[in-house]
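Let's take a friendly walk through this model, from the overall fold down to single side chains. Keep the viewer open as you read.

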Amino acid sequence: MTSVARREGVISENNDSSPPPASSAHAESTTSPLQGEVKEKSGNKRIPADKLLEQFFKSHRYIGSKDRAYIGELVYWCLRHKASLEWWLAEKLKSPIHGRAIVITALMLRKDYTASALDAISQDSKYSLPKLTPAEKPRCEILYKENILHPNMPAHVRLNYPEWMEPILRESLGKDFEKELLALNEQASTDLRVNTLKTTREQLMTDLQKEEFESTPTPMSPIGLRLKKRGAVFASAPFKLGHFEMQDEGSQVVTLLVDAKPGMKVIDFCAGAGGKTLGLAAQMKNKGRILAWDNSEKRLKQIAPRLKRAGVDNVQTHVIESENDGFIKRHKASADRVLVDAPCSGSGTWRRNPDIKWRFSAQDLQEVIAVQQSILQSAARLVKPGGRLIYVTCSILKNENEQQIDQLLKNGNNFRVVCAKKIWDKLSAVDTIDSVSYLRLTPHQDGVDGFFAAVLERLGD
């Protein structure tokens, strides 16, 4: 999935990722400007949480694996409930808002420690929390008796989303506004995409069980497994043998909607580190030609070891300067399928990357909407008559999704919308997609990250 901030993270719990560095529990990579990365700004405001955590653990190597897992989970819980935690500090305790205060507030409201227990383990040493101050002790005692939600909280505080985004979210989510936002604040599942070039879902379940990883088939994706609990699955033999990649079930579904066939020419316009590229190669049974483009050489280089591990050899990568690179014209009207995994707000991935919602601004949204339309216009040129353009975002916002397709069609690009359900019914025996023109997946309704996909077919000239 592609977001304006990041889409793959060390402890972000993102599920479309490459193997992790030795020091991390999950995979890490950066997102290219083509994919919409907002540049990191001073004061760490725009540095993704997973990157900060990775830096922290590298500089604190004495921290054990269990403590690292606890710290990572606590940090992401704080990010998910940031608005609520700050409300308690500002409105109820009249206390300054800073990192230490937020963490202590979380520990009390979560009931991880009583005030006395937290004070008892505080040692004022290099390896422990500094002792509670005289002002902090009574605040802890008050907080421990409370729940994180309070009836006086406004909606954006109780549901933990940026206040400026409220009208956009209400318009986009309709009657399910509150249910979806509550679901977006839960921890995401750990999903795996089976590499059908090397194994089957049933065999992978058996192989993972041998290494004490219990899994169940994903309800929508016919090539997915869901782990019953998190673990060091990247260290398993099936992963090293290339039998699976970590990928959210929703991401698997939108990749399947490309309906790439063996022998086709397919362009992955914003390939990034290749999560969907690998899925396309498996669909095509390693036959045909996949062109994986991105304007970040660093990200594209991450594809190579993943392709080798997966046994894929029909992918060619190319670094483009932007969506308007002259190189793109060479492939005009030649592709059977063009996948645009577009830069977006990442609002559908808040379960995995809760820091995105606090780092993303109204100005960022306007900028990325303009980039989306520019990329769509460029990618549309590549589709041959009878071929398909597949537009995908990991956003739940209509102005990044339906409205972008409406604008493309108004521009006279000679496309028609292909019903997503009709495609899906031919691909899967599981009837999970509603009878609508576009695919919309959400955490509340589908139990996956938020995704949008539109399939457009180019008519004859």
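Two residues are in contact here when heavy atoms of theirs lie within 4.5 Å. By that rule, and leaving aside residues up to four places away in sequence, D119 touches K131, L132 and K137. D119 itself sits in helix α5, which covers residues 115-121, and is buried, with a relative accessible area of 16%.

## The chain as a whole

Please keep in mind that this is a predicted model. The protein chain has 20 helices and 12 strands. Of its 461 residues, 58% are buried.

How do the contacts spread along the sequence? Taking the contacts in the chain with a separation of 6 or more, 73% come from residues 24 or more positions apart.

## Two helices that cross

A helix pair to look at next is α3 (residues 82-92) with α4 (residues 99-109). Their axes are 10 Å apart, and the helices pack at an angle of about 100°. Angles of 65 to 115 degrees count as roughly perpendicular, so α3 is roughly perpendicular to α4.

Which residues make the contact? On the α3 side they are L85, E86, W88 and L89, and on the α4 side A101, I102, T105, A106 and L109. Sorted by class, this contact has 7 nonpolar residues, 1 polar and 1 charged.

## A salt bridge inside one helix

Side chains of opposite charge can pair when their charged atoms come close. The structure holds 28 salt bridges, and a good one to start with joins K58 and E54, where the closest N and O atoms are 3.5 Å apart.

Where do these partners sit relative to each other? Both belong to helix α1 (residues 49-59), and because they are 4 residues apart there, about one helical turn separates them. As for accessibility, K58 is partly exposed at 41%, whereas E54 is buried at 10%.

## D259 and its network

D259 deserves a longer stop. This residue lies in the loop between α12 and β5 and is buried, with a relative accessible area of 13%. D259 has a phi near 55°, a positive value in a residue other than glycine. For context, most residues other than glycine have a negative phi. N286 also has a positive phi, near 65°, and is found in the loop between α13 (275-283) and β6 (289-294).

Which side chains pair with D259? One of them is K261, in a salt bridge with an N to O distance of 3.1 Å; K261 is partly exposed at 39% relative accessibility. Another salt bridge links D259 with R388, at 3.9 Å from N to O. R388 lies in strand β9 (residues 383-393) while D259 lies in the loop between α12 (249-256) and β5 (265-268), so the pair ties together parts that are 129 residues apart in sequence. Both R388 and D259 are buried. Through shared partners, salt bridges join D259, K261, R388, R416 and E457 into one network.

What about K426? From C-alpha to C-alpha, K426 and D259 are 9.5 Å apart in space, with their positions 167 residues apart in sequence. K426 is found in helix α19 (residues 420-427) and is exposed, with a relative accessible area of 77%.

## Cysteines

A disulfide is a covalent bond between the sulfur atoms of two cysteines. How many disulfides does the model have? With sulfur atoms required to be within 2.5 Å, the count comes to 0 disulfides.

Are C78 and C140 buried or exposed? C78 is buried, with a relative accessible area of 8%, and C140 is buried as well, at 1% relative accessibility.

## Looking back

To recap, D259 is a buried loop residue with a positive phi, and salt bridges place it in one network with K261, R388, R416 and E457. Elsewhere, α3 and α4 pack at about 100°, and K58 pairs with E54 within helix α1.

Note on methods: Residues numbered from 1 in each chain as written. Predicted model: local features only at pLDDT ≥ 70, side-chain atom pairs only at ≥ 80, totals over all residues. Heavy atoms only, no water. Axes fitted to C-alpha atoms, helices over the stretch in contact; angles between N-to-C directions. Helix = DSSP H or I, 4+ residues; strand = E, 2+ residues; numbered from the N terminus. Parallel < 35°, antiparallel > 145°, perpendicular 65-115°, else oblique. Nonpolar A, V, L, I, M, F, W, Y, C, P; charged D, E, K, R; others polar. Salt bridge = Lys/Arg side-chain N within 4 Å of Asp/Glu carboxyl O. Buried < 20%, exposed > 50% of the residue type's maximum accessible area, 1.4 Å probe, protein only.
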